[in-house]
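Please look over the model shown here before reading the notes. They cover cysteines, a helix, two polar side chains and ring pairs.

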Amino acid sequence: MFTILIFSILSFFLGIILGFTSYKFQSKKDPVVEIINELLPQSQCAQCGYSGCYPYAEAIVCHSEKINKCIPGGTDLIYKISRILNVETSSNDSLIKKKTFNTTVLIDEENCVGCSKCAIFCPVDAIVGAPNFMHTVLQEFCTGCNICLSHCPTNCIKIKKRDI
């Protein structure tokens, strides 16, 4: 009984100390990074070369990374970020023009076993289908990130050129 009381009092005071230190020494986040992160599509597809949208937003603000690397965001995102950062955009943002929607994936529906692994890992939810049934790709939503390729156990997902 006595030990429970001691540990309760000790836990209470340590909780107060922890709460005070987290309030007093909180890390200050850059609001511009937060704004740019909210603009990014949050697909975490890593096509920009970063592990996710927040590291890319940090690189844009803190390390002067190019703003034209987000392929799912497209040219609209470039213009929004350029307005926030007050940076001019050139009309030849070639990275977006070359890579945006050039490829897509196609599921060979005869060989699809319906495992749903591709749909789970698709960052933009472009793959639809129920478990144990065939899946298909909604071409207009597919960004061509090809993340689903490595998760398909039957290798029934193929890359194809987008018909423009």
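The report below goes through these features one by one.

This is a predicted model: local features need pLDDT of at least 70, side-chain atom pairs count only at pLDDT 80 or more, and totals for chains, interfaces and linings use all residues. Residues are numbered from 1 along each chain as its sequence is written, and side-chain values use heavy atoms, with hydrogens and water left out.

**Cysteines**

A disulfide is a covalent bond between the sulfur atoms of two cysteines. Here the term is applied to a pair of cysteine sulfur atoms within 2.5 Å. The whole structure has zero disulfides. Why is Cys112 not bonded to Cys156? The sulfur of Cys156 is the closest cysteine sulfur to that of Cys112, but at 4.8 Å it is too far for a bond. Cys145 is in no disulfide either; its nearest cysteine sulfur belongs to Cys45, 5.6 Å away. Cys112 is buried at 16% relative accessible area. Buried means under 20% relative accessible area, exposed over 50%, and partly exposed in between (1.4 Å probe, protein chains only).

**His135**

His135 sits in the loop between strand S2 (127-128) and strand S3 (136-137). Helices (H or I, at least four residues) and strands (E, at least two) are DSSP runs, numbered from the N terminus. His135 is buried, with a relative accessible area of 1%. Its side chain reaches two backbone oxygens: that of Phe133 at 3.1 Å and that of Gly129 at 3.4 Å. Polar contacts are pairs of N or O atoms within 3.5 Å; within protein, one must be able to donate a hydrogen and the other to accept it, and residues adjacent in sequence count only if both atoms are side-chain atoms. Leaving aside neighbours within four places in sequence, His135 is in contact (heavy atoms within 4.5 Å) with residues including Cys112, Cys115, Ile107 and Glu109.

**Glu65**

Glu65 lies in the loop between helix H3 (53-62) and helix H4 (74-85). Is Glu65 buried or exposed? At 19% relative accessibility, Glu65 is buried. Its side chain makes a polar contact of 2.9 Å with that of Lys69. Not counting residues up to four places away in sequence, Glu65 touches Tyr50, Tyr56, Ala59 and Ile60.

**Helix H4**

H4 has 12 residues, and its end C-alpha atoms are 17 Å apart. That agrees with the expected 16 Å, taken as 1.5 Å times one less than the number of residues. Its buried residues are Gly74, Leu77, Ile78, Ile81 and Ser82. They fall within an arc of 135 degrees seen down the axis, so they line one face of the helix. The arc is that of the directions from the helix axis to the C-beta atoms. An α-helix has 3.6 residues a turn, so residues three or four places apart point the same way. Exposed Asp76 and Arg83 are on the face turned away from the buried side. Just after H4, Asn86 takes a positive phi of about 60 degrees.

**Aromatic pairs**

The structure holds two aromatic pairs. Rings of Phe, Tyr and Trp (its six-membered ring) pair if their centres lie within 6.5 Å; planes under 30 degrees apart count as stacked, over 60 as edge-to-face and the rest as tilted.

| Pair | Centre to centre | Between planes | Type |
|---|---|---|---|
| Phe12 and Phe13 | 5.6 Å | 70 degrees | edge-to-face |
| Tyr50 and Tyr56 | 5.7 Å | 35 degrees | tilted |

Phe12 is exposed at 54% relative accessible area, and Phe13 is partly exposed at 49%. Tyr50 is partly exposed at 24%, whereas Tyr56 is buried at 1%.
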